[in-house]
Each structure stands twice: as structure tokens, then as C-alpha cells.
Amino acid sequence: MSDSNTRPTIPIQIFENFTDASQFVAQKIVRLIQQKDAAGEKTVLGLATGNTPRTLYRELIKKYQQGEVSFKNVVTFNLDEYYPMQTDNPGSYHYFMKHELFDHIDIKCENCHVPKGDLPWEKIGPYCDWYEEKIKSYGGIDLQILGIGQNGHIGFNEPGSTKESITRLVNLEEQTRLVNSSEFEHIDQVPYQAITMGVQTILDAHEVILLANGEKKAKILAEVMANRMESSVPASFLHHHPRCIFMLDPTAASLL
Ligand code: F6R
């Protein structure tokens, strides 16, 4: 078949374990920063939250502490934040990033961008446009790190998100709220909405690495690889990206 919806294949790299995968990505990020530094340029990273990137962030912190890398010329844009959400709420992605990465490296506060979950409702639209423009003002994201939801979401682009979607306010699926409720005292505290970069925002990144581990991700990864590109499995739109790779542990890759 050769219609435009037919999927090209995303390359997959399977590591012996997830620590190896995370270390590999950390090393790649350090090399990118060093190359950009040498060229006198800033490095623009797209970052994710959740369980998936925790080991990666620990590895980056280690490399910073060992003097291998400085984050002084690094600019970051996070994928998403709950709405409504205060930055000091322990369930917020602001809190996550601060504690899992930013507080432990020499990145400048003003260079760290996490979508704001504490804006009045009427300011969200202009703010989302500003987020898009801000990314563009740095020449786009050099490397976007992604995890994947069990329902195929990337960022909080839930099933139904279009390929053309950009940063916006979205409704969360009940399954997403349930899965993410472990970060809150009670599921009632998990917001029903979020601000997320869009699928197009992600596809515009120069390079994308999707990390996934564990058997809970095996089924959806098999769907992404088997499916054509469609809204019901948002991660399948990554087949459109010319420089996207999936880096997996053996259990996540077990159904491929
Ligand atoms: C987080 C994000 C989400 C997660 C996904 C997987 O910023 O954008 O798409 O990557 O929900 O979450 P974990 O890693 O907790 O399995």
C-alpha cells in the first residue's frame, strides 16, 4: 500500500535493561550539549515527567556532579502540566521537575519552561500561543524526550488528538487520571484537564526519543508499531517524524 497514511517504520533500540537505555540517552544529551556549547549555541531540550524519565534525570545529575556537563546554556520546555494546578503542589509537574532535575543542576531558572497550570481560564489561550512562540524563538526543540501513556498518549495528547494539534488545554481520560493518581493522595485530587504541547509541537522537534519500560507499555507499543497513523493512537503520529527512535527495555518490547 502506498497511500499517505501508510506507516513508515520507527526505529527501535532494545536495551538489556532500562538503566542502560536511560544512561545511553543521558550520554546522548551530554554530547549534544557539548557540541552546541562548542558552537556557541544554546541547547533546547523538550522534557517529560512521570516515572519513565526519572532514571535519565538521575544520570544527568550524576554527570553534572562529576563535572562532565554544564546546563548553563540549556533551555528546557516541558510537555505538560495539569490544569488547574499550583506550582508548589507535590502532584504538579513543576514540583516534579524542580525536585527530580532542576534543583540539582546549574540550569538557569529563567531557561526552564513548564506550562503554567495556575492561570485564570481566560488567559490560557494566549498563554498556549506564547508557549509555541517561545519554542520557535529558540529555533525549535533540538531533542524531545517522551514517555508513552498506556492509551497511546504522548504529552497529554489523548486519543482523538489530531496530528496538527498545538499547545492547548485538553481533557484527561479517566484512565489517565487513574494511572496518574498514584502521585496524589486521592484520585479526586487529580485534575480533569491539562495544558499540553500538541502532536504538531512534538513533531516539530528536530529529534525525538521515546523511552518506555515495563510490561504495562508492551500492548500499546505493539499497537503503535502495527497501526497506521491515526488519532486513536496519538503516538502513532511519530511515524511521521524523520528522526524519531523508540528506546525500550525487553519487557516493553515483548510484543513487538
Ligand atoms: C508526562 C507525559 C506523559 C507520560 C506518560 C507515561 O510529561 O507527558 O505522556 O510520559 O503518561 O507516564 P509514565 O512515565 O509515568 O509511565
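**Close-up views of a predicted model**

**View 1. Surroundings of L101 in the predicted model.** Leaving aside residues up to four places away in sequence, L101 touches L47, Y57, L60, I61 and F96.

**View 2. The largest nonpolar core.** This core comprises 41 residues, and those with the most contacts inside it are I29, L56, L60, L101 and L211. Two or more residues are given to the core by each of the helices α1 (18-38), α2 (54-65) and α3 (93-100), and likewise by the strands β2 (43-47), β6 (143-146), β9 and β10. Helix α1 supplies the largest share, 8 residues.

**View 3. A second nonpolar core.** Separate from the core of View 2, a second core contains 36 residues. Among them are L146, I154, V199 and I220.

**View 4. The open sheet.** Seven strands with parallel pairing are arranged in the order β1-β10-β9-β6-β2-β3-β5. The edges are formed by β1 (12-14) and β5 (112-113), each of which pairs on one side only. In general, strands of a sheet pair through backbone hydrogen bonds, in either a parallel or an antiparallel manner.

**View 5. Pairing of β3 with the edge strand β5.** Strand β3 (residues 74-78) runs parallel to β5, and 2 bridges join these strands. Within this pairing, T76 stands opposite C112 of β5.

**View 6. Helix α7 on the sheet.** Helix α7 (residues 218-226) packs on the sheet and touches β1, β9 (208-212) and β10 (244-248). The direction of α7 makes about 150 degrees with that of β10.

Key:
Residues numbered from 1 in each chain as written. Predicted model: local features only at pLDDT ≥ 70, side-chain atom pairs only at ≥ 80, totals over all residues. Heavy atoms only, no water. Pairing = 2+ DSSP bridges. Helix = DSSP H or I, 4+ residues; strand = E, 2+ residues; numbered from the N terminus. Contact = heavy atoms within 4.5 Å. Axes fitted to C-alpha atoms, helices over the stretch in contact; angles between N-to-C directions. Core = buried A, V, L, I, M, F, W, Y, C linked by side-chain atoms within 4.5 Å. Buried < 20%, exposed > 50% of the residue type's maximum accessible area, 1.4 Å probe, protein only.
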